[in-house]
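Hi everyone, thanks for making time. I'd like to walk you through one structure today, going from side-chain contacts to rings and then to empty space. Let me put it up on the screen.

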Amino acid sequence: MSNTEQKAGLSAYWMPYTANRNFKASPRMLVSAEGMHYRDDAGNAILDGTAGLWCVPLGHAHPKIVSAVQKSVATLDYAPSFQLGHPSAFELAERLKAYTGNRFANVFYTGSGSESVDTALKIALAYHRARGNATRTRMIGRERGYHGVGFGGMSVGGIGGNRKTFSPLLLQGVDHLPHTHNLEKNAFTKGEPEYGTHLADELERIVALHDASNIAAVIVEPVAGSTGVLVPPKGYLKRLRELCTKHGILLIFDEVITGFGRLGTPFASDYFDVEPDIFTTAKGLTNGVVPMGAVFVKKEIHDAFMNGPDGIELFHGYTYSGHPLACAAGLASLDVFEQEGVLEHAQSVSDYFQDAAHALRGLPHVIDVRTIGLIAGIELASIPGKVGARAYDAFVRAFNDGILIRVTGDIIALSPPLIINKQQIDELFGKLAAILKTLA
C-alpha cells in the first residue's frame with residue numbers, strides 16, 4: 001500500500017483526544033504487543049512506558065488472560081445483566097470484594113472509568129435520598145482533577161480544556177477544591193510532598209458557603225494522573241477523610257489509574273491508609289483486554305437501598321455491565337496478580353524507577369520531577385506561546401526512538417506495566433534523557 005493510499009484509509013476514523021490532521025499526515029501505527037513491548041507497522045519494538053493508557057499493569061498478551069477470554073467467548077459471548085445473571089459476574093464480585101480485604105462489600109459493574117465515575121455520583125445522590133437527606137445534592141471536585149468524559153465526570157473534573165466547550169450543559173451544584181500543585185514549595189519530590197496539607201481545609205470553607213446539609217460527596221483522585229501526576233501532600237487525604245466524616249459527606253476516590261497495583265498496593269486507599277466510602281476503578285481491572293469498570297461501595301451504602309419497597313432499587317446500569325468476556329479477563333487478571341507476585345515485584349523496583357526519574361533533574365528544560373510508586377511526572381518549561389509543544393516533540397522523538405511516553409501539556413507522564421525490570425527502566429530513562437538533551 002502506498003503512503004497516499006494508507007492516508008486515504010485513515011479518513012473515516014475520528015480519533016479521540018488526538019490532533020487528527022496532524023496524526024493522519026504522519027501516522028504512528030501499532031500492530032501487535034507482547035509483554036513490555038508494542039510493535040509498529042515497520043516492525044520496530046516500542047518499549048511501553050505508559051502501560052497503554054495506564055491500563056496494562058500485567059504486560060501485553062498475558063497468556064492466562066488471553067486463554068480465559070478465548071474460552072469465555074466460545075462459551076458465553078454475551079449475557080444481559082438486567083434481571084438476569086451469569087456465574088462469572090458473581091464470582092468476580094466476590095473476588096474483588098476479597099481483594100479489598102473485605103472492607104468493601106459490593107461492586108457495581110460499568111464499562112469504563114467514565115461510566116464508573118458517573119455511577120459513583122449517582123449512587124451518592126441516591127444514597128442520601130434513600131436515607132431521607134434529599135437536599136444533599138451538591139458535588140465537590142478538585143481543580144485539575146480528571147474524572148472521565150461523561151457530563152458528571154467533566155462537571156466534577158477541573159481540567160479547563162475538557163470543560164470549556166461543554167460548560168453550558170455541565171452539572172449545576174458543583175464546587176471545586178484547589179489543586180495541590182506547588183512548584184515553588186514541592187519541586188523534585190520523591191513520594192508525598194511536605195507542603196500543602198492545609199489545602200484540604202478548603203473543604204471547611206466550601207461547607208460554610210453551601211452548608212453540609214446540601215453536600216452529597218467529595219470526589220478526588222488519590223494521585224491525580226491525567227493532569228500530569230500530582231501527588232497528594234502528606235496527611236492531605238487523611239484530612240479530607242476527617243472533614244467528610246465530620247460533615248456527613250461521602251468521600252469518593254477515583255482509582256481508575258491508581259487501582260490494581262500502580263502504587264505497589266492493591267489500591268491507593270491501602271497505600272495512603274485512608275478509607276473512602278466509594279471508589280471507582282477500570283483500566284487495570286481487566287489489564288485493558290476488555291473494557292470494564294467497577295464501583296466499590298461500603299456495606300452501609302448498599303444496604304440503604306435494600307431497605308426500601310420491593311422492586312428495582314437503583315434505576316441505573318449499562319448494556320455491558322458485567323460482560324462475560326470482561327469478567328473472564330478480570331478473574332484471570334486477579335489470578336496473575338496473586339499467583340505471580342506482581343505487586344511484590346512492583347515494590348521491589350519502585351525505588352530504582354523513581355531514582356532513574358529523578359536523575360533527569362538538571363537536564364535542559366526540566367523544572368520538576370515527581371514520583372510515587374511506578375508513576376513519574378517530568379515537567380518541562382513551556383515554550384512561550386506554545387504550551388505543550390516541547391513535550392509533544394519529546395513524545396514523537398520517543399516513539400521514533402522505540403519508547404512510548406505520555407504527555408499532557410508540557411508534562412511527561414510515565415506509568416509502565418508493573419512487570420518492568422531494571423534493564424528496561426534503564427532503557428526507558430536513558431533514551432528519554434538523550435531526547436531531553438536535544439529538545440529546542
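Okay, let's start with a small detail: the side chains of S88 and H86 are joined by a polar contact of 2.9 Å. Before I go on, please keep in mind that this is a predicted model. S88 itself is found in helix α5. Is S88 buried or exposed? The relative accessible area of S88 comes out at 17%, and under 20% counts as buried, so S88 is buried.

Remember helix α5, because here comes the second largest pocket, and α5 provides the largest share of its lining, five residues. That pocket holds about 1100 Å³ of space. It has 31 lining residues, and the ones closest to the pocket centre are S81, V107, F108, Y109 and H316. If you go by elements, those giving two or more residues to the lining are α5 (87–99), β4 (106–110), β10 (293–297) and α13 (299–306). And what is the lining of the second largest pocket made of, by class? We get 18 nonpolar residues, 10 polar and three charged.

Now the enclosed spaces. As a reminder, rolling a probe the size of a water molecule over the atoms shows where empty space is left. How many cavities of 30 Å³ or more does the structure hold? Three of them.

The largest cavity has about 120 Å³ of space. Its lining is T180, H181, N182, N186, A187, T189, G191, P193, L230, V231, D368 and R370. Sorted by class, that is four nonpolar, six polar and two charged residues.

For the second largest cavity, the volume is about 60 Å³. Around the second largest cavity you find R142, E143, R144, G145, H179, T180, E221, P222, A224, L230, V231 and P232. By class, this lining splits into five nonpolar, three polar and four charged residues. If some of those names rang a bell, good: T180, L230 and V231 line the largest cavity and also line the second largest cavity.

On to the rings. The structure holds 13 aromatic pairs. Let me pick one of them, F353 with F429: the ring centres are 5.3 Å apart and the planes sit at 70°, so this pair is edge-to-face. Along the chain these two are 76 residues apart, with F353 in helix α15 (residues 342–358) and F429 in helix α17 (residues 422–436), and the pair links distant parts of the chain. Both F353 and F429 are buried.

There's a cluster, too: ring pairs link Y99, F104, F260, F267, F279, F296 and F337. One member, F104, has something else going on, as the charged end of K298 sits over its ring, 4.5 Å from the centre. Elsewhere, K185 lies over the face of Y195, 5.2 Å from the ring centre.

Two more polar contacts to look at. T281 is in strand β9 (residues 278–281), and with a relative accessible area of 0% it is buried. What lies 2.8 Å from a polar atom of the T281 side chain? The backbone oxygen of A294.

The other one is D393, in helix α16 (residues 389–400). Its side chain makes a polar contact of 3.0 Å with the side chain of R397. D393 counts as partly exposed, at 25% relative accessibility. D393 and V407 are 14 residues apart along the chain, and their C-alpha atoms are separated by 9.7 Å.

Last topic, backbone angles, for anyone who likes checking those. Most residues other than glycine have a negative phi. Which way does W54 go, positive or negative? W54 has a positive phi, near 70°. The residue sits in helix α3 (residues 51–54), and at 5% relative accessibility W54 counts as buried.

N287 also has a positive phi, about 60°, and it is not a glycine either. You'll find N287 in the loop between β9 and β10. And N287, at 3% relative accessibility, counts as buried.

That's my tour, so over to you for comments.

Definitions and conventions. Residues are numbered from 1 along each chain as its sequence is written. This is a predicted model: local features need pLDDT of at least 70, side-chain atom pairs count only at pLDDT 80 or more; totals for chains, interfaces and linings use all residues. Side-chain values use heavy atoms; hydrogens and water are left out. Rings of Phe, Tyr and Trp (its six-membered ring) pair if their centres lie within 6.5 Å; planes under 30 degrees apart count as stacked, over 60 as edge-to-face and the rest as tilted. Helices (H or I, at least four residues) and strands (E, at least two) are DSSP runs, numbered from the N terminus. Buried means under 20% relative accessible area, exposed over 50%, partly exposed in between (1.4 Å probe, protein chains only). A charge sits over a ring if NZ of Lys or CZ of Arg is within 6 Å of the ring centre and within 35 degrees of the ring normal. On a 1 Å grid over the protein atoms alone, a cavity is a set of points where a 1.4 Å probe fits but cannot get out, and a pocket is an open set with protein on both sides within 12 Å along at least five of seven lines; lining residues have an atom within 4 Å of a point. Grid points are joined across faces, edges and corners, and a volume is the space filled by probe spheres set on the points. Ala, Val, Leu, Ile, Met, Phe, Trp, Tyr, Cys and Pro count as nonpolar, Asp, Glu, Lys and Arg as charged, and the others, Gly among them, as polar. A polar contact is a pair of N or O atoms within 3.5 Å; within protein, one must be able to donate a hydrogen and the other to accept it, and residues adjacent in sequence count only if both atoms are side-chain atoms.
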